[in-house]
Every structure is written in C-alpha cells, then in structure tokens.
Amino acid sequence: MLVYIEDSCEGIEGTMPKELHRCQMEKNPDIAIGVRKNPLWKDTLYLVPKVIVLGVGCRKGTEPGRIEEKVRQVFSQEEIFLESICRVSSIDLKKEEAGILGFCKKYGLEYATFSAQELQDVEGEFSGSDFVRKITGVDNVCERSAVCGSGGKIIITRQAECGVTVAAAMKKWSIRFE
C-alpha cells in the first residue's frame, strides 16, 4: 500500500509496517496522513491529525453560523480538513462570546483565551490593525491567538469578512508506529 505523509509531519517514530511504502505527492496513495486534501486523489483513505488551532476574532453578537461559514470558506479554499482543528482561541475579551462558544460546542472543540499582554508577547510577524489595537489593546487577535494556542506556526493568515476574522496555526506533530 502506498502512503503519503504530509511534509508538515515533524518525524516518524518506530518502524513503518513493511506493507506500507512511502510515496510522493505525485502518486495516488492508498493512505494519506496530514491536514490537507488533494482533490486529484481518488479512493484515498485520509488520516487527519488534530493539530490545527483556529484563531478567531469577531464583532460582539456574531452568530455561530456566521463564524462557521467563514471557517468553512477559508478551510475549503486552503483545502484543509475541518476535522484537523483541535482548539479555537481568541482574546480573553471574547471568553463569553456566544458565537464562538456555539461554534466550539457544535464541533466539540476546546476554547482557550489569552490576555492582550499574552498575545502581544507572542513572537512572529503578524498583520496588524490599528482598529483592533484600539479595541483590544493588541494589533492582531486571530493570528496571535492561533500561535499562542498552538505553539506552532501560522498556516492560514488573517482572513476577514462580515465581522469575522480567522487564522490558523499548526502544532508540531509526528507519527508513531508501534
């Protein structure tokens, strides 16, 4: 059986079963391990690690459906499985935001919030907004909270529309064969 392992995988522990043969993206694998879909692959079994932290910002009172719509749109464009999301994060000003809480509840996702200072202390390059800084005390909520909640790197930069802003970061992950 051919198995494709996404490049974002940090490593492989143990010995891969002899029935599996690692292949490159150009092949049509029997099994694919990673967060991204390949629409050209037919009859491929995807094993999707839960390693994506979604950073969310929104206007007060935003409906969960609006948040879900934006997340689905962005993940579809990026060809990333929604099932790869393990956590949603935002600024502590949004800890009781019904729209975010509703989205998390629907998908069974953990929700973590961080203070403006915690977000400001996150290292990296982020797309800043004077408006967001004026309201929250930090120049960017979604990208910074995604990185803060994952300890990883941004894979989807800030995407905003209709009062909802999302970004995503990926945790470090590896595969262990036992």
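**Figure 1. An exposed salt bridge between E178 and R176 in the predicted model.** Both E178 and R176 are exposed in this predicted structure. Their side chains meet in a salt bridge, at 3.7 Å from N to O. Elsewhere, salt bridges that share partners tie E68, R72 and K106 into one network. The whole structure holds seven salt bridges.

**Figure 2. A buried salt bridge between R144 and D139.** Here the closest N and O atoms are 2.8 Å apart. R144 is buried, and D139 is buried too. Side chains of opposite charge can pair when their charged atoms come close.

**Figure 3. The salt bridge between E161 and K70 links distant parts of the chain.** The closest N and O atoms of this pair are 3.3 Å apart. E161 sits in strand β9, while K70 belongs to helix α1, residues 64–78. The two partners are 91 residues apart. What is the accessibility of each partner? E161 has a relative accessibility of 38%, so E161 counts as partly exposed. K70 has a relative accessible area of 8%, so K70 is buried.

**Figure 4. K94 and its contacts.** K94 lies in the loop between β7 and α2, the latter spanning residues 98–107. Is K94 buried or exposed? Its relative accessibility is 14%, under the 20% cut-off, so K94 counts as buried. Neighbours within four places in sequence are left aside here. Beyond them, K94 is in contact with C58, R59, K60, I100 and Y111.

**Figure 5. The largest pocket and its lining.** The volume of this pocket is about 470 Å³. It is lined by 23 residues. The closest of these to the pocket centre are G57, C58, F131, V132 and T165. Which elements each supply at least two residues of the lining? They are β6 (52–58), β7 (85–91), α4 (130–136), β9 (153–161) and β10 (164–170). Helix α4 gives the largest share, four residues. By class, the lining of the largest pocket has ten nonpolar, eight polar and five charged residues.

**Figure 6. The second largest pocket.** About 150 Å³ of space lies in this pocket. Its lining includes S8 and E10. G151, G152, K153 and I155 also line the second largest pocket. M170, K171, K172 and W173 complete the lining. How do these residues divide by class? Three are nonpolar, three are polar and four are charged.

**Figure 7. Cysteines C23 and C148, each in no disulfide.** A disulfide is a covalent bond between the sulfur atoms of two cysteines. How many disulfides does a search of the whole structure find? The search finds zero. For C23, the nearest cysteine sulfur is that of C9, 14 Å away. A disulfide needs sulfur atoms within 2.5 Å, so C23 is in no disulfide. For C148, the nearest cysteine sulfur belongs to C142, at 13 Å. The same 2.5 Å cut-off applies, so C148 is in no disulfide either. The two sites also have their own accessibilities. C23 counts as buried, at 7% relative accessibility. C148 is partly exposed, with a relative accessible area of 26%.

**Figure 8. Positive phi at D43.** Most residues other than glycine have a negative phi, and most peptide bonds are trans. D43 is a residue other than glycine, yet its phi is positive, near 60 degrees. D43 is placed in the loop between β4 (31–33) and β5 (45–47). Its relative accessibility is 79%, over the 50% cut-off, so D43 counts as exposed.

**Figure 9. Positive phi at E79.** What is the phi of E79? The value is about 55 degrees, positive although E79 is not a glycine. E79 is found in the loop between α1 and β7. At 34% relative accessibility, E79 counts as partly exposed.

Technical notes
Residues are numbered from 1 along each chain as its sequence is written. This is a predicted model: local features need pLDDT of at least 70, side-chain atom pairs count only at pLDDT 80 or more; totals for chains, interfaces and linings use all residues. Side-chain values use heavy atoms; hydrogens and water are left out. On a 1 Å grid over the protein atoms alone, a cavity is a set of points where a 1.4 Å probe fits but cannot get out, and a pocket is an open set with protein on both sides within 12 Å along at least five of seven lines; lining residues have an atom within 4 Å of a point. Grid points are joined across faces, edges and corners, and a volume is the space filled by probe spheres set on the points. Ala, Val, Leu, Ile, Met, Phe, Trp, Tyr, Cys and Pro count as nonpolar, Asp, Glu, Lys and Arg as charged, and the others, Gly among them, as polar. Buried means under 20% relative accessible area, exposed over 50%, partly exposed in between (1.4 Å probe, protein chains only). Contact means heavy atoms within 4.5 Å. A salt bridge is a side-chain nitrogen of Lys or Arg within 4 Å of a carboxyl oxygen of Asp or Glu.
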